[in-house]
Amino acid sequence: MDYSVFKTDHWNNNLSPKERRIALRELEREMARSQKRKARKIVFKFMDKNKCGYYEDGKKLPRKFLYINKYFLTSDEPDRNYILMNTVIHEGRHAYQDDVLKGKVSRDTLDDEKVKLWKMNSIIRNDAKGNFTKYRFQPREDDAYNFAYDVMEGLRYLLDDVYRCYMDGQKAQREYWEFDAKNYYGDSPDLNYKQIIEKKLARKYYDFILKKKLNRIKYRKVQGI
Ligand SMILES: [Zn+2]
(Lines give C-alpha, C1' and ligand atoms only; values in the text may rest on other atoms or scores of the structure.)
Protein backbone atom coordinates (compact mmCIF):
# COMPACT_ATOMS: atom_id res chain seq x y z
CA MET A 1 0.00 0.00 0.00
CA ASP A 2 1.02 3.60 -0.29
CA TYR A 3 2.05 4.46 3.27
CA SER A 4 2.36 8.14 2.47
CA VAL A 5 -1.37 8.36 3.19
CA PHE A 6 -0.37 8.28 6.88
CA LYS A 7 1.99 11.25 6.63
CA THR A 8 1.09 13.80 9.27
CA ASP A 9 0.39 16.80 7.04
CA HIS A 10 -1.79 14.80 4.71
CA TRP A 11 -3.56 13.01 7.57
CA ASN A 12 -4.33 16.25 9.39
CA ASN A 13 -5.19 18.50 6.48
CA ASN A 14 -6.62 16.36 3.70
CA LEU A 15 -8.36 13.43 5.30
CA SER A 16 -11.77 13.32 6.93
CA PRO A 17 -12.33 10.88 9.81
CA LYS A 18 -14.05 8.60 7.31
CA GLU A 19 -11.04 8.65 4.98
CA ARG A 20 -8.79 7.93 7.95
CA ARG A 21 -10.88 4.87 8.72
CA ILE A 22 -10.54 3.75 5.11
CA ALA A 23 -6.72 4.09 5.26
CA LEU A 24 -6.56 2.04 8.47
CA ARG A 25 -8.73 -0.68 6.96
CA GLU A 26 -6.42 -0.79 3.96
CA LEU A 27 -3.48 -1.16 6.34
CA GLU A 28 -5.17 -4.18 7.98
CA ARG A 29 -5.74 -5.72 4.54
CA GLU A 30 -2.08 -5.15 3.67
CA MET A 31 -0.92 -6.78 6.92
CA ALA A 32 -3.31 -9.70 6.40
CA ARG A 33 -1.92 -10.23 2.89
CA SER A 34 1.64 -10.28 4.16
CA GLN A 35 0.71 -12.76 6.91
CA LYS A 36 -1.38 -14.84 4.47
CA ARG A 37 -4.41 -14.60 6.75
CA LYS A 38 -7.94 -13.37 6.36
CA ALA A 39 -8.29 -9.62 6.97
CA ARG A 40 -10.41 -8.66 9.96
CA LYS A 41 -13.09 -6.08 10.06
CA ILE A 42 -12.11 -3.01 12.07
CA VAL A 43 -14.66 -1.59 14.47
CA PHE A 44 -14.02 1.96 15.66
CA LYS A 45 -15.47 2.67 19.07
CA PHE A 46 -14.82 5.05 21.92
CA MET A 47 -12.69 3.64 24.72
CA ASP A 48 -10.75 5.06 27.58
CA LYS A 49 -8.03 7.48 26.35
CA ASN A 50 -5.20 5.29 27.59
CA LYS A 51 -6.45 2.34 25.56
CA CYS A 52 -5.64 2.16 21.86
CA GLY A 53 -7.55 -0.95 20.88
CA TYR A 54 -7.97 -4.66 21.34
CA TYR A 55 -8.52 -7.84 19.41
CA GLU A 56 -11.70 -9.66 20.17
CA ASP A 57 -11.15 -13.34 20.45
CA GLY A 58 -14.11 -14.07 22.68
CA LYS A 59 -15.25 -17.62 22.20
CA LYS A 60 -18.89 -16.61 22.14
CA LEU A 61 -18.62 -14.42 19.08
CA PRO A 62 -18.91 -16.01 15.69
CA ARG A 63 -16.84 -13.20 14.12
CA LYS A 64 -13.69 -11.67 15.44
CA PHE A 65 -12.84 -8.06 14.91
CA LEU A 66 -10.12 -5.55 15.59
CA TYR A 67 -11.41 -2.80 17.84
CA ILE A 68 -9.71 0.57 17.58
CA ASN A 69 -10.25 3.55 19.86
CA LYS A 70 -12.33 6.04 17.86
CA TYR A 71 -11.00 8.82 20.05
CA PHE A 72 -7.69 8.88 18.13
CA LEU A 73 -9.44 9.58 14.82
CA THR A 74 -10.13 13.14 15.90
CA SER A 75 -8.05 13.70 19.05
CA ASP A 76 -5.28 16.28 19.07
CA GLU A 77 -2.23 14.15 19.88
CA PRO A 78 0.41 15.26 17.33
CA ASP A 79 1.22 11.62 16.55
CA ARG A 80 -2.32 10.23 16.59
CA ASN A 81 -1.91 8.93 13.01
CA TYR A 82 1.01 6.78 14.08
CA ILE A 83 -0.67 5.63 17.29
CA LEU A 84 -3.49 4.32 15.10
CA MET A 85 -1.13 2.65 12.64
CA ASN A 86 0.77 0.93 15.42
CA THR A 87 -2.47 -0.28 17.00
CA VAL A 88 -3.86 -1.75 13.79
CA ILE A 89 -0.61 -3.66 13.19
CA HIS A 90 -0.46 -4.82 16.83
CA GLU A 91 -4.07 -6.03 17.00
CA GLY A 92 -3.79 -7.64 13.58
CA ARG A 93 -0.84 -9.66 14.85
CA HIS A 94 -3.12 -11.10 17.54
CA ALA A 95 -5.45 -12.18 14.73
CA TYR A 96 -2.48 -13.89 13.07
CA GLN A 97 -1.55 -15.65 16.33
CA ASP A 98 -5.11 -16.91 16.57
CA ASP A 99 -5.02 -18.20 13.01
CA VAL A 100 -1.72 -19.98 13.62
CA LEU A 101 -3.12 -21.67 16.73
CA LYS A 102 -6.17 -22.79 14.82
CA GLY A 103 -4.06 -24.09 11.92
CA LYS A 104 -5.67 -21.63 9.51
CA VAL A 105 -2.35 -20.24 8.30
CA SER A 106 1.04 -21.80 7.81
CA ARG A 107 3.57 -21.33 10.59
CA ASP A 108 6.22 -20.28 8.10
CA THR A 109 9.38 -19.63 10.05
CA LEU A 110 7.77 -19.72 13.50
CA ASP A 111 9.34 -22.30 15.75
CA ASP A 112 7.27 -24.85 17.68
CA GLU A 113 8.40 -23.46 21.00
CA LYS A 114 6.92 -20.04 20.20
CA VAL A 115 3.61 -21.50 19.06
CA LYS A 116 3.45 -23.61 22.22
CA LEU A 117 3.94 -20.49 24.35
CA TRP A 118 1.10 -18.74 22.48
CA LYS A 119 -1.11 -21.76 23.09
CA MET A 120 -0.37 -21.71 26.82
CA ASN A 121 -0.82 -17.95 26.92
CA SER A 122 -4.24 -18.23 25.27
CA ILE A 123 -5.40 -20.10 28.37
CA ILE A 124 -3.30 -18.47 31.07
CA ARG A 125 -3.49 -14.71 30.65
CA ASN A 126 -2.49 -11.62 32.55
CA ASP A 127 -5.02 -8.92 31.88
CA ALA A 128 -4.19 -5.30 31.16
CA LYS A 129 -5.79 -4.00 34.34
CA GLY A 130 -3.24 -5.68 36.57
CA ASN A 131 0.51 -5.28 36.60
CA PHE A 132 1.63 -3.76 33.27
CA THR A 133 4.95 -5.60 33.15
CA LYS A 134 3.17 -8.93 33.58
CA TYR A 135 0.75 -7.93 30.84
CA ARG A 136 3.35 -6.56 28.43
CA PHE A 137 5.73 -9.50 28.54
CA GLN A 138 3.35 -12.45 28.32
CA PRO A 139 4.26 -14.24 25.06
CA ARG A 140 1.35 -13.17 22.86
CA GLU A 141 1.64 -9.53 23.92
CA ASP A 142 5.41 -9.51 23.67
CA ASP A 143 5.18 -10.89 20.14
CA ALA A 144 2.53 -8.35 19.08
CA TYR A 145 4.51 -5.41 20.53
CA ASN A 146 7.72 -6.61 18.87
CA PHE A 147 6.07 -7.32 15.56
CA ALA A 148 4.38 -3.91 15.33
CA TYR A 149 7.60 -2.18 16.36
CA ASP A 150 9.62 -3.99 13.68
CA VAL A 151 7.10 -3.24 10.93
CA MET A 152 6.92 0.42 11.96
CA GLU A 153 10.69 0.70 12.26
CA GLY A 154 10.96 -0.63 8.69
CA LEU A 155 8.99 2.40 7.49
CA ARG A 156 11.15 4.95 9.32
CA TYR A 157 12.56 6.58 6.19
CA LEU A 158 9.34 6.49 4.21
CA LEU A 159 7.48 8.81 6.53
CA ASP A 160 8.08 12.15 8.26
CA ASP A 161 9.77 13.76 11.25
CA VAL A 162 6.73 13.23 13.47
CA TYR A 163 7.06 9.54 12.66
CA ARG A 164 10.74 9.41 13.56
CA CYS A 165 10.03 11.23 16.78
CA TYR A 166 7.20 8.79 17.55
CA MET A 167 9.49 5.83 16.87
CA ASP A 168 12.27 7.29 19.02
CA GLY A 169 9.71 7.49 21.82
CA GLN A 170 8.72 3.88 21.19
CA LYS A 171 12.34 2.80 21.36
CA ALA A 172 12.89 4.57 24.66
CA GLN A 173 9.69 3.07 26.02
CA ARG A 174 10.81 -0.42 25.04
CA GLU A 175 14.11 0.02 26.83
CA TYR A 176 12.32 1.22 29.92
CA TRP A 177 9.87 -1.70 29.86
CA GLU A 178 12.69 -4.18 29.48
CA PHE A 179 14.53 -2.63 32.40
CA ASP A 180 11.33 -2.89 34.44
CA ALA A 181 10.79 -6.54 33.48
CA LYS A 182 14.34 -7.46 34.43
CA ASN A 183 13.82 -5.85 37.80
CA TYR A 184 10.50 -7.49 38.36
CA TYR A 185 11.33 -11.03 37.21
CA GLY A 186 15.06 -11.10 37.80
CA ASP A 187 17.63 -11.65 35.08
CA SER A 188 20.88 -13.58 35.04
CA PRO A 189 23.15 -15.14 32.41
CA ASP A 190 21.79 -18.57 33.41
CA LEU A 191 18.16 -17.59 33.30
CA ASN A 192 17.05 -14.38 31.64
CA TYR A 193 13.76 -12.63 32.39
CA LYS A 194 12.07 -14.08 29.30
CA GLN A 195 12.96 -17.63 30.32
CA ILE A 196 11.66 -16.91 33.82
CA ILE A 197 8.36 -15.66 32.35
CA GLU A 198 8.09 -18.77 30.17
CA LYS A 199 8.77 -21.09 33.10
CA LYS A 200 6.10 -19.40 35.21
CA LEU A 201 3.61 -19.61 32.37
CA ALA A 202 4.36 -23.31 31.74
CA ARG A 203 3.94 -24.09 35.44
CA LYS A 204 0.55 -22.36 35.59
CA TYR A 205 -0.54 -24.00 32.37
CA TYR A 206 0.33 -27.53 33.47
CA ASP A 207 -1.33 -26.90 36.85
CA PHE A 208 -4.44 -25.87 34.98
CA ILE A 209 -4.36 -28.96 32.73
CA LEU A 210 -3.78 -31.24 35.70
CA LYS A 211 -6.69 -29.73 37.62
CA LYS A 212 -8.90 -30.18 34.59
CA LYS A 213 -7.92 -33.83 34.32
CA LEU A 214 -8.47 -34.41 38.03
CA ASN A 215 -11.90 -32.80 37.81
CA ARG A 216 -12.81 -35.12 34.96
CA ILE A 217 -11.78 -38.14 37.02
CA LYS A 218 -13.87 -36.89 39.97
CA TYR A 219 -16.81 -36.34 37.68
CA ARG A 220 -16.53 -39.87 36.30
CA LYS A 221 -16.55 -41.29 39.83
CA VAL A 222 -19.66 -39.32 40.73
CA GLN A 223 -21.33 -40.54 37.60
CA GLY A 224 -20.25 -44.08 38.39
CA ILE A 225 -18.65 -44.60 35.02
ZN1 LIG B 1 -2.02 -6.86 22.48
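This is a short walk through one predicted model, from the overall layout to the sheet, the helices on it, the core and a few single residues.

I'll start with the layout. The protein has 9 helices and 3 strands. Reading along the sequence, the order of elements is α-α-β-β-β-α-α-α-α-α-α-α. Along the principal axes, the C-alpha atoms fill a box of roughly 70 × 45 × 35 Å. Of the 225 residues, 23% are buried. As for contacts with a separation of 6 or more, 59% of them are between residues 24 or more positions apart.

Now the sheet. The 3 strands make an open sheet, ordered β1-β3-β2, with mixed pairing. Which strands stand at the edges? Those are β1 and β2, residues 53–55. Each has a single partner strand, so one side of each has no neighbour in the sheet. From one strand to the next the twist averages 20 degrees.

Strand β1 covers residues 42–45, and its side chains alternate. Ile42 and Phe44 point to one face and are buried, while Val43 and Lys45 point to the other face and are not buried. That follows the general pattern, in which side chains of a regular strand alternate between the two faces of the sheet. β1 runs parallel to β3, residues 66–69, and 4 bridges join the two strands. Within that pairing, the bridge partner of Val43 is Tyr67, and Phe44 stands opposite Ile68.

Two helices that pack on the sheet come next. α2 touches β1 and β3, and its direction makes about 145 degrees with that of β1. α4 touches β1, β2 and β3, and its direction makes about 160 degrees with that of β3.

These two helices also pack on each other. For a pair like this, the usual description is the angle between the axes and the distance between them. Here α2, residues 17–34, and α4, residues 80–101, pack at about 40 degrees, with their axes 10 Å apart. The crossing of α2 past α4 is right-handed. On the α2 side the contact is made by Leu24, Leu27, Glu28, Met31 and Ala32; on the α4 side, by Leu84, Met85, Val88, Ile89 and Gly92. By type, the residues of this contact are 8 nonpolar, 1 polar and 1 charged.

That brings me to the core. In soluble globular proteins, nonpolar side chains tend to be buried together. In this model the largest nonpolar core holds 26 residues, and those with the most contacts inside it are Leu24, Leu66, Ile68, Met85 and Val88. The elements giving two or more residues to this core are α2, β1, β3, α4, α7 (139–154) and α8 (161–185). Which of them gives the most? α4 does, with 8 residues.

Two of those core residues are worth a look. With neighbours within four places in sequence left aside, Leu24 is in contact with Ile42, Ile68, Leu84 and Val88. Leu66 sits in strand β3. Leu66 counts as buried because 25 other C-beta atoms lie within 10 Å, where the cut-off is 20 or more. Again leaving aside neighbours within four places, the contacts of Leu66 include Glu28, Ile42, Tyr55, Val88, Gly92 and Ala95. Leu66 and Ala95 are 29 residues apart in sequence, and their C-alpha atoms are 8.2 Å apart in space.

For contrast, I'll take two residues from other parts of the chain. Lys182 is in helix α8. Is Lys182 buried, exposed or partly exposed? With 16 other C-beta atoms within 10 Å, Lys182 is partly exposed. Outside its neighbours within four places, Lys182 is in contact with Asp187 and Tyr193. Lys182 and Ile196 are 14 residues apart in sequence and 9.8 Å apart in space, C-alpha to C-alpha.

The other residue is Gly130, in the loop between α5 (112–123) and α6 (132–136). Gly130 is exposed, because only 10 other C-beta atoms lie within 10 Å, and the cut-off for exposed is 12 or fewer. From Gly130 to Phe44 the C-alpha distance is 25 Å, with their positions 86 residues apart in sequence.

To close on the main point: α2 and α4 pack against each other, and each packs on the sheet, α2 touching β1 and β3 and α4 touching β1, β2 and β3.

Technical notes:
Residues numbered from 1 in each chain as written. Predicted model: local features only at pLDDT ≥ 70, side-chain atom pairs only at ≥ 80, totals over all residues. Axes fitted to C-alpha atoms, helices over the stretch in contact; angles between N-to-C directions. Helix = DSSP H or I, 4+ residues; strand = E, 2+ residues; numbered from the N terminus. Left-handed = near helix turned anticlockwise from the far one by under 90°. Contact = placed C-beta atoms within 7 Å. Nonpolar A, V, L, I, M, F, W, Y, C, P; charged D, E, K, R; others polar. Pairing = 2+ DSSP bridges. Core = buried A, V, L, I, M, F, W, Y, C linked by C-beta atoms within 7 Å.
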